[in-house]
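Welcome! Open your viewer, get comfortable, and follow along as we select a few side chains together.

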Amino acid sequence: MLVPVLLFLLGFLLLIKGGDWFVDGAVGIAHRFHLPELLIGATVVSIGTTLPEVMVSSQAALQHNAGISYGNAIGSIICNTSLIAAITIAAKPGPVSRKSLILPSGAFFIAAVIYSLIAYTSGEFTRLEGIMFLCMFVLYMYLSVRQMKNGDGAESSEEEETDGNESTMTKDLLLLVVGAVAIAFGANLLVNNGTLIAAALGVPDSVIGLTMVALGTSLPELVTAITSLMKGHGALSLGNVIGANLFNIILVSGMAITISPFAVPAEKTLFGINSSLLVDIPVMMGVMLLMCVPALKNERLYRWQGILLLCIYACFTIYQFVI
């Protein structure tokens, strides 16, 4: 029992320190090229913090564990939005750039609608659909790079200077890479222990994926969000959450489906209907709409959004384990 506890603590320390390095590197790059932090968060930072989801879902796919592959992606989106983004919004609501938000949020809803239609109509994901999602990932990255080159939304990063202007590009990249590796490794240590405990208690794979694994693999986003807030970079945190949610569909799910196509898990039902179709997907879409619509409409986030999202996450988690 001592070894799992020590590994858990090691994972926690790696997450904290890795998040610190990762945010410093990302902010340094954003400032160096006068790029909007929200856009950097939705691309570079999101890829790094989504690494645990990619690893866990791909490993589950190789083991033909559809419950973990499916639940991890959907659960991570719900966790990212109604826990991690909610903490950011509740702690520090404020203005956001609509211009920087349009591409990542628009891409998410397009991908989420396609994903949902497949789930509701056929009930299973084919390898061709997995490849389609991966192609969407490539297209999104291309559009993001083009947007960065065009300087869209560049107003946000010129206001702040890199600490002492002493940071070099090599140092920023090194912080980004080392931070991402530390985050991924630390999250993996926590996920493995959490999954074993949940499995020992007889919890279904899909529920483990939607809760324990989703929370564990979302710890990098949580660490990044808290670190970003403490360092005064709220836009980076919001961009990271939206980008990570998009990547959970087009990269994490796309990779898992391509490796091993699977059907929507039906381990749990509500009123005789697949619980995932009745609860999980609607909650996923609902929390993202609740976060993005006011931001796109009014170019600001409100504290009530964060509080409401946190309440939704609490109800969702209780439902998964109690009902």
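A word to have ready for this tour: buried means under 20% relative accessible area. Keep in mind, too, that this is a predicted model.

**First stop: F137 and F247.** Select these two rings, and you will find that both F137 and F247 are buried. They form an edge-to-face aromatic pair, with 5.3 Å from centre to centre and 80° between the planes. Now colour the two helices: F137 sits in helix α5 (residues 127-150) and F247 in helix α9 (residues 234-259), so this pair ties together parts that are 110 residues apart in sequence.

**Next stop: F125 and F262.** The structure holds seven aromatic pairs, and here is another one of them. The ring centres of F125 and F262 are 5.7 Å apart and their planes meet at 55°, so the pair is tilted. Because F125 belongs to strand β1 (residues 124-125) and F262 to strand β2 (residues 262-263), the pair ties together parts that are 137 residues apart in sequence. How accessible are they? F125 has a relative accessible area of 1%, so F125 is buried; F262, at 7%, is buried as well.

Now add Y115 and F133 to your selection: ring pairs link Y115, F125, F133 and F262 into a cluster.

**Last stop: L174.** Move along to helix α6 (residues 169-200), where L174 is found. Is L174 buried or exposed? Its relative accessible area is 55%, so L174 is exposed. Finally, select G25 too: the C-alpha atoms of L174 and G25 are separated by 7.4 Å, although the two residues are 149 residues apart along the chain.

Methods: Residues are numbered from 1 along each chain as its sequence is written. This is a predicted model: local features need pLDDT of at least 70, side-chain atom pairs count only at pLDDT 80 or more; totals for chains, interfaces and linings use all residues. Side-chain values use heavy atoms; hydrogens and water are left out. Rings of Phe, Tyr and Trp (its six-membered ring) pair if their centres lie within 6.5 Å; planes under 30 degrees apart count as stacked, over 60 as edge-to-face and the rest as tilted. Helices (H or I, at least four residues) and strands (E, at least two) are DSSP runs, numbered from the N terminus. Buried means under 20% relative accessible area, exposed over 50%, partly exposed in between (1.4 Å probe, protein chains only).
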